Amino acid sequence: MADDFRTTTVGARYAQALFDLADEGQALDAVRADLKSLRKAWGESADLRRLATSPVISDEDQVKGLTAIADKAGFNGLTRKFLGLLAQNGRSADLTAVIAGFDKLYAIRTGLVSAEVVSAAPLDAAQMNAIKASLRKALGKDPELEARVDPSLLGGLKVKVGSRLYDASLKTKLDQMKFALKRAG
């Protein structure tokens, strides 16, 4: 799911428009919070993903569905209108790219550093605080952490900050060992 959130040309254009409107309306933080909720819902709801990406669902039904979600979640009016416009223009499948583009613009504006932490099992608050402290020391900034679980890692962590990936997962170490043994033999 996290790989769904990559920016595209179309996503970047829509994100810029949304960012500019939110900035003008002094609603950057509210819109960002709405998009953060949508990002979380995207990962948790197959129905939302289907609604936004299915070519069988008409643009009109996507407008109704996305605006209903925005209403139920209590989203900012700008976010609600934007979701309707995105669907009306047949671009609801680009929602994840818009969110990624908006996040990037917000980070540039505010100096925010986002980091994704992937672990084999859920991390407790003490572990998250330790990771945050280590990243703060390494980056010189206070990072905003997003955690997710991937049991295929077997153990350890993967931490992604921007385009840099720090991989200390057991799966990767085992894969490296396997590769080294194949080369030696």
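Tutor: Here's a cut-off to start with: two helices count as roughly antiparallel when the angle between them is over 145 degrees. Keep in mind that this model is predicted.

Student: So what makes H4 and H5 roughly antiparallel?

Tutor: Look at the angle. The axes of H4 (residues 59-73) and H5 (residues 77-88) cross at roughly 165°. The cut-off is over 145, so H4 and H5 are roughly antiparallel to each other. The axes come within 8 Å, and the crossing is right-handed.

Student: Which residues make the contact between H4 and H5?

Tutor: From H4 you get Asp59, Gln62, Val63, Leu66, Thr67, Ala70 and Asp71, and from H5 Arg80, Leu83, Gly84, Ala87 and Gln88. Sorted by class, that's five nonpolar, four polar and three charged residues.

Student: Why is Ser92 called buried?

Tutor: Buried means under 20% relative accessible area. Ser92 has 1%, so Ser92 is buried.

Student: Where is Ser92, then, and what is Ser92 in contact with, leaving aside its neighbours within four places in sequence?

Tutor: Ser92 sits in the loop between H5 and H6 (95-110). With those neighbours set aside, its contacts are Ala52, Gln62, Leu66, Leu86 and Ala87.

Student: Ala52 belongs to the buried residues of H3, right? How do you know that the buried residues are on the same side of H3?

Tutor: Right: the buried residues of H3 (residues 46-53) are Leu48, Arg49, Leu51 and Ala52. They cover an arc of only 160° around the axis, so they lie on the same side of H3.

Student: And what do the buried residues of H3 pack against?

Tutor: They pack against H2 (28-44) and H4.

Methods
Residues are numbered from 1 along each chain as its sequence is written. This is a predicted model: local features need pLDDT of at least 70, side-chain atom pairs count only at pLDDT 80 or more; totals for chains, interfaces and linings use all residues. Side-chain values use heavy atoms; hydrogens and water are left out. Axes are lines fitted to C-alpha atoms, for helices over the stretch in contact, and angles run from 0 to 180 degrees between N-to-C directions. Helices (H or I, at least four residues) and strands (E, at least two) are DSSP runs, numbered from the N terminus. Angles under 35 degrees count as roughly parallel, over 145 as roughly antiparallel, 65 to 115 as roughly perpendicular and the rest as oblique. A crossing is left-handed if the near helix is turned anticlockwise from the far one by less than a right angle, and right-handed if clockwise. Contact means heavy atoms within 4.5 Å. Ala, Val, Leu, Ile, Met, Phe, Trp, Tyr, Cys and Pro count as nonpolar, Asp, Glu, Lys and Arg as charged, and the others, Gly among them, as polar. Buried means under 20% relative accessible area, exposed over 50%, partly exposed in between (1.4 Å probe, protein chains only). The arc is that of the directions from the helix axis to the C-beta atoms.
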